[in-house]
There are 2 protein chains.
Amino acid sequence: MRAGPSQEEIRRYNLGTLLRHVHLGGPTSRAELTSRMGLNRSTIMALTADLAAAGLVREELPRETGRAGRPSLVVRPESARIFVLAFDVGVDRLVAARVGLGGVILDRREAVRQRGPFDTGEVVATLAGFARQMLRKALPDTVCVGAAAAFCGGVRKADGMVRFSPNMGDGLHDAPFGEELARKLALGIPVAVGNDANLAALAEHTRGVGIGCRDLVYLHGDVGIGGGIISGGQLLAGRDGYFGEVGHMVVNPGGRVCGCGARGCLEAEVGERTLLEGAGGAFAGKVGREAVRAVVDAADRGDVVAQDALQRVGEWLGLGVANLVNIFNPEVVVFGGMLRDIYLGAAAQVRSRVNTVCLRANRENLRLRTSALGDDATLVGAAELAFSQVLTDPLEVLARVST
Amino acid sequence: MRAGPSQEEIRRYNLGTLLRHVHLGGPTSRAELTSRMGLNRSTIMALTADLAAAGLVREELPRETGRAGRPSLVVRPESARIFVLAFDVGVDRLVAARVGLGGVILDRREAVRQRGPFDTGEVVATLAGFARQMLRKALPDTVCVGAAAAFCGGVRKADGMVRFSPNMGDGLHDAPFGEELARKLALGIPVAVGNDANLAALAEHTRGVGIGCRDLVYLHGDVGIGGGIISGGQLLAGRDGYFGEVGHMVVNPGGRVCGCGARGCLEAEVGERTLLEGAGGAFAGKVGREAVRAVVDAADRGDVVAQDALQRVGEWLGLGVANLVNIFNPEVVVFGGMLRDIYLGAAAQVRSRVNTVCLRANRENLRLRTSALGDDATLVGAAELAFSQVLTDPLEVLARVST
């Protein structure tokens, strides 16, 4: 438990809150900030002046007000000047981006990753190379205020260690991925690491289909199945950071063997391999997001084998969703990554299971939605993680990285 | 988002925090409060004086210090003077208690409830009768600062409406239980209502086996199975308050029909009826906690049929626990109510399933424990809910109830 805050803490909190408003909400008039933050006009003016002097925001006249009287100045995030580096390490692709304050993707680079054993050195070299290319293109006056990566695996919250990642290939255990990437980048800033599904949940909550929603279950498919949960407005982490391993909820005891060694995990019944294996000869041996989309398209066109495979997967997905709705009582369930395509092709099965298995009270205010950010949800989540420090203590971070 | 707090808000926050310290931690020296709250001695003195003047705490010399020098005064909660009314509505019993600040059960009454249709009027009359008996025995100088009930059913957080309760008998839907009990009590204070498993989780977290633990899964058995989850130190509620209906997680698709209408819910595979039906002729037609204990005892004595039934139930319970550990990454899983007895009799099956199904990272810091508060966990949770307002704003509540 903590004592009451000092004046300095209150100022820091208010600076962070104001910056968060314009970072998430875009250009905002001083008048609106005054009313939203419940502070008086002179305080908002002083806070804005501090942030503007630091180069984090700028004030300008609004384009058009359509009203008489002096217009209220608009506060804009300095998106071109203040940025973070965001990375996304998925099974099949590596992405790096330079993301400006306000969430603008200023620049991005992407590479295909070949499946097979995970080579940390190679991945780090690729991503650091991308970062250097983008930094060279950045103007001299710009400032990098953070860096973070979304990783398809279990990430320890204490130190960002990647503990396990069954779908990245065998042998990936206890990889200090963030440390190695930070060393290679040599920018003097750490690289925070988070689980991809957790970060995508955060992204959908702040910038996607879950804006304004305090209770959200996000399901992410990238070969396997991951989850991220927002409850009461907070992203849940668990004791060590492994919250939301919903892919390893057993829904079919005695079912298919999962990569984790257990049987009948949601991931084993719904994952990419199961869908492609069941969809007929045309898909045998194929992998990846395009192959999943091709099954959904084939089912749409009336391919009976593909339809059967998709429906079976949809039934299990629906059972998993129903269990999570009974457990979490969310307002919205979001299907992301590969599950976006699967849900679009098997929505009837999913909804039917939800209606059969969910308690009435738990489903009466429920919405099922696909990700609004699509394949960028994980990357956007990594950017939000990278921005989190500057939004907590804007001036301190800026002072540190500018020296 | 909110603005920085005013001086008055800070004072209120500090008063509440200090009162919470002595409420949960018992008598505490001023010196310790100073160090724990990070405030200076004169502030602690002033806060304590305010609370003492209101009759919420008193200061006295410690019994023995064993050290030289002037001893620091000890701040004690006024447990005999400040109290709440706590109620527990279970399938087989009704409990009412007068609980003093600090969590002391000052007085209690208990009645057996017959299974069958739930008669709200009758239950309210019984509990209000108990309350009146206890209030008559209370000294004139005492003050009731709140009332709350734990209810075996789904409770809407917006208004405390009991939405459903399949194990309380058919026909219990949308019962304004708290309102009716408050009207019958006629004390001029509302009766907050919470789900029994949620409140028991809160109780174990604040006063039981989960003290100091920020991530806890509590499983409660009372004919059916309920759950309450603490994550990051907070009790989770979900959008409408129906968080933690883990009894209706399907673990065995195509399994036993559940009271909710679905098949293979955890509650259907682990509930009281399944255990007693499987345990052989001696238990046929029996119900209740004593019958469950008798099965566990029979299995202990070598009764093979009882052993088989208990092991089967233990396997399903283990699978449910393993799923929850993968989802929530808790530090501790607590077995309460009837599950306390079942876990004690089937710990081997539960642990074996956890070891097979849980991801290594999710279980490496995991502890499995039985409830420390036993059958009182739900009642203690109701008392904590009843105290929550006075701990948030001590002087306001006292001013309101004393007039």
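Me: In this predicted model, what rotation and what shift along its axis superpose chain B on chain A?
Reply: In general, two copies of a chain are related by a rotation about an axis and a shift along it. Here a rotation of 180° with 0.0 Å of shift along the axis brings chain B onto chain A, with an RMSD of 0.0 Å, and that is therefore the relation of a two-fold axis. Within chain B, the C-alpha nearest this axis belongs to Val251(B), which lies 2.8 Å from it.

Me: How many residues does each chain bring to the contact, and which helix of chain B gives the most?
Reply: Chain B contributes 52 residues and chain A contributes 51 residues. Several elements of chain B supply at least two residues each, among them helix H1 (7–25), strand E9 (162–164) and helix H11 (338–357), while H10(B) gives the most, with 6 residues. By class, the side of chain B that touches chain A holds 26 nonpolar, 18 polar and 8 charged residues. The same surface serves both copies, since 98% of the contact residues of chain B recur in chain A.

Me: Turning to a helix pair inside chain A, at what angle do H2 and H3 pack?
Reply: Helix H2 (residues 30–37) of chain A and helix H3 (residues 41–53) of chain A pack at about 115°, their axes 9 Å apart, and H2(A) and H3(A) are therefore roughly perpendicular to each other. The crossing of H2(A) and H3(A) is right-handed.

Me: Which residues meet where H2(A) packs on H3(A)?
Reply: From H2(A) come Arg30(A), Leu33(A), Thr34(A) and Met37(A), which meet Arg41(A), Ile44(A), Met45(A) and Thr48(A) of H3(A). By class, this contact has 4 nonpolar, 2 polar and 2 charged residues.

Key: Residues numbered from 1 in each chain as written. Chains lettered and ligands numbered in written order. Predicted model: local features only at pLDDT ≥ 70, side-chain atom pairs only at ≥ 80, totals over all residues. Axes fitted to C-alpha atoms, helices over the stretch in contact; angles between N-to-C directions. Helix = DSSP H or I, 4+ residues; strand = E, 2+ residues; numbered from the N terminus. Parallel < 35°, antiparallel > 145°, perpendicular 65-115°, else oblique. Left-handed = near helix turned anticlockwise from the far one by under 90°. Contact = placed C-beta atoms within 7 Å. Nonpolar A, V, L, I, M, F, W, Y, C, P; charged D, E, K, R; others polar. Least-squares fit on C-alpha atoms with pLDDT ≥ 70 in both.
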